[in-house]
Every structure is written in structure tokens, then in C-alpha cells.
Amino acid sequence: MLGPVILAASRSDKMRRLVSAAPGTKQVVARFIAGEIVDDVVPIVQELAARGLEVTLDVVGEDITTVEQSHAARDAYLELIGRLQELGLGERAEMSVKLSMFGQSLENGHELALANVRPVVEAAAAIGTTVTLDAEDHTTLDSMFAIHEELRKDFPQTGCVIQAYLFRTEDDAHRLAANGSRVRIVKGAYKEPASVAIQDKPEIDKAYVRIMKILMDGEGYPMIGSHDPRLISIGQELARRAGRKLDEYEFQMLYGIRSEEQNRLAAEGHRMRVYTAYGTDWYGYFMRRLAEKPANLLFFVRSILTKG
């Protein structure tokens, strides 16, 4: 079981230094991370939009330790929104944010994160787009959902993410679907204890399907975050049974993974959004991508051996 080991390593400063220094790291990181600065990612957004795809942009870097860093994160998103506005890309690109990056884990972190994320949500709305609050480990979720509920009072299009492997998620899905929320469902990419999360992968898939049905039958806007062909096919069938039109739900996949499938879904008329991350503090995000799929880890090891 390599996944839990890699997830544990994602929190290790020693492993961060080792991975960052490895000769093949840069090549592999470039597969999943679109660049380090806004100027790197803008051409990618333009290229994806030209292919009929939509984008959600994540400025990576959740492990902050100071209030000043939380303000810098807010400003990085405001800079991004400004560039999207200049290029007329607001309607094709939304933002995904991790509230830990906005100060959620600091002293008075709930209030700090809300104060930092609100101007980002306001600026996004001003250019015709929105923000989705990413889910992190289970200890952060009550705060995330409370901030989501508060933001939706003024910006009802604000989205959030739920994770199929958590025992609580079916109840969360019922509540969010009844509220008419935009909701992205993912399997879950954090190391969680058996007391709060399903550990068996087939059982996680079953939970994912149950939650998809809740969302498709509800009043909200489901966003199916998966690269699994079987789950995608089931999602399409559940949408059909629920009487949803093609613009009443969407699929989401990560930048650098299954690009041909992304193009296929878009060509069939589905809304297909590419989760595109960029920034210098890429380590935690990168390690979670390795943990999700053994093939990603093998690709990384081969690259290191080739460059070594």
C-alpha cells in the first residue's frame, strides 16, 4: 500500500528536501503543475479554452505559518483574477482555493480565512466567474462548510468540495444538494484514519456512486471530479436518469491526466473543466498526485533514474 506512505511523506520536511533535489523531479512536476507564476499559466488557459475546455485554477501552497503569508495568498489570487479579466477569460476559468492557504490553521484562523477569501470571491464575481472551496483533511471541514455557507449568502455560485471516502459525506451531500450548491465530488486524497474514512478502495467507489446519485437528484450543480472511466460512465447515466441537460452538471479532471478523454467529453457536448495548479510551493499537491495512482509514482522513479 504505497498510497498511505506517500501521503505521510507529503507532510515531511525531510522528504520535501529530498524530492525537490532529485534530478528528475522538475520533469515530472511539469506534468502536473502548469508553471510557477501567472505568466506561465495564462497561455495554458488560453490553449485549453481554444479546445473547448473550461478551467479551475489553483495557486498551490497550503502549508503557511504566518498571517503575512495568508495575505500573500489572497493577493496571488487577486493578481490571477486581474489577468483573466484583461484577457477576457473570466467565463472560462474559475478558481479553486484551499482555506489553509488563507490562514485557516492559524490563531483565529476561521475568521482570518473568511476575511481573506471574501475579496477573492467578490473579484471573481465581478469578472463573471466564481470560486470553489477545496476540501482538505477532515479536521478542517466544519470550518470550510461554515465559510461556504456564509459566502453563499452574497455569492450563491460559490462552490465546495466533498470527499467520498469520509463517512460524513453522504449527509453533507444531502444538505448541499437541497441547498442548491455547486459541489465537486472527489474520492479523497488525504491520509485519514479508519475512524472517519473508508479504507477499502472498492467501498470508496460505491460511496462515490451513492453520492453522485444524491447530487444528480438534488437541486444543485454536480461537478464530477474523476478520471475513472467507469465512474464517468455511471455519472452520465445518473444525469440522464435525473433529467439533467448537458449544461446542468460537469466533469473535472486534473491538468496533465487523460487529456484525450477530456477532449472527447468536451466534443460530445459535456462541460469539461481542467483543474490546473501552479505556483512555487508545489510539493504537497505533487505528492498527493503520486499517491492517487501507482503509475504516477513509477513515472517519477523512471525519470529520476534516467536523469541520475
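# A guided tour of the barrel

Begin by selecting strand β5 (residues 182-186) together with β6, two strands that pair in the parallel sense over four bridges. What you have open is a predicted model, and that is worth keeping in mind at each stop. Within this pairing, look for R184, which stands opposite M223 in β6.

Now keep strand β6 (residues 221-225) on its own and colour it by burial. How many of its five residues are buried? The answer is five of the five, so that the strand is described as mostly covered, where buried means under 20% relative accessible area. Turn the strand over in the viewer and you will find both of its faces covered, with Y221, M223 and G225 buried on one side and P222 and I224 buried on the other.

**The whole barrel**

Widen the selection to the strands that make up the barrel. Eight strands close into it in the order β1-β2-β3-β4-β5-β6-β7-β8, and the pairing is parallel. As you step from one strand to the next, the twist averages 30 degrees.

For a closer look at one part of this barrel, select strand β2 (residues 93-97) and strand β3 (residues 131-133), which run parallel and are joined by three bridges. Here M95 stands opposite V131 in β3. Next add helix α7 (residues 141-152), which packs on the sheet and touches both β3 and β4 (159-163), its direction making about 155 degrees with that of β4. Then go to helix α11 (residues 259-267), which also packs on the sheet, touching β7 (250-254) and β8 (272-278), with its direction at about 165 degrees to that of β7.

**Helix α6**

Select helix α6 (residues 109-126) and place a distance marker between its end C-alpha atoms. They are 26 Å apart, which agrees with the 26 Å that 18 residues should span at 1.5 Å a residue. Which residues of α6 are buried? They are G109, L112, A113, L114, N116, V117, V120, V121 and A124. As you follow them along the helix, it helps to recall that an α-helix has 3.6 residues a turn, so residues three or four places apart point the same way. To see what covers these buried residues of α6, show the elements around them, which include α5 (67-86), β2, β3 and α7. Just after the helix, pause at G128, which takes a positive phi of about 90 degrees.

**Charged pairs**

Side chains of opposite charge can pair when their charged atoms come close. A search of the whole structure finds 28 salt bridges, and a few of them make good stops.

Select D39 and R83 to begin with, a salt bridge whose closest N and O atoms are 2.5 Å apart. Because D39 lies in helix α4 (residues 38-50) and R83 in helix α5, the pair ties together parts that are 44 residues apart in sequence. D39 is partly exposed, with a relative accessible area of 47%, and R83 is partly exposed too, with 23%.

Go on to D142 and R168, whose side chains meet in a salt bridge of 3.0 Å, N to O. D142 lies in helix α7 and R168 in the loop between β4 and α8 (169-178), so this pair ties together parts that are 26 residues apart in sequence. At 55% relative accessibility D142 counts as exposed, whereas R168, at 27%, counts as partly exposed.

Are R273 and E250 buried or exposed? Select them to see that both are buried, and that their side chains meet in a salt bridge of 2.7 Å, N to O. The pair links distant parts of the chain, with R273 in strand β8 and E250 in strand β7, 23 residues apart.

Finally, show D58, E94, K98, D134, R182 and R184 together, for these residues are linked in a network of salt bridges. R184 is the residue that you met at the start, opposite M223 in β6.

**Aromatic rings**

The last stop concerns rings, of which the count comes to two aromatic pairs. Select Y77 and F102, which form a tilted pair, 5.7 Å centre to centre and with 35 degrees between the planes. This pair links distant parts of the chain, since Y77 is in helix α5 and F102 in the loop between β2 and α6, 25 residues apart. Both Y77 and F102 are buried.

Then select Y249 and F251, whose ring centres are 5.8 Å apart and whose planes stand at 85 degrees, so the pair is edge-to-face. Y249 and F251 are both buried.

Note on methods
Residues numbered from 1 in each chain as written. Predicted model: local features only at pLDDT ≥ 70, side-chain atom pairs only at ≥ 80, totals over all residues. Heavy atoms only, no water. Pairing = 2+ DSSP bridges. Axes fitted to C-alpha atoms, helices over the stretch in contact; angles between N-to-C directions. Contact = heavy atoms within 4.5 Å. Expected span 1.5 Å × (residues − 1). Buried < 20%, exposed > 50% of the residue type's maximum accessible area, 1.4 Å probe, protein only. Salt bridge = Lys/Arg side-chain N within 4 Å of Asp/Glu carboxyl O. Phe/Tyr/Trp six-rings, centres within 6.5 Å; stacked < 30°, edge-to-face > 60°.
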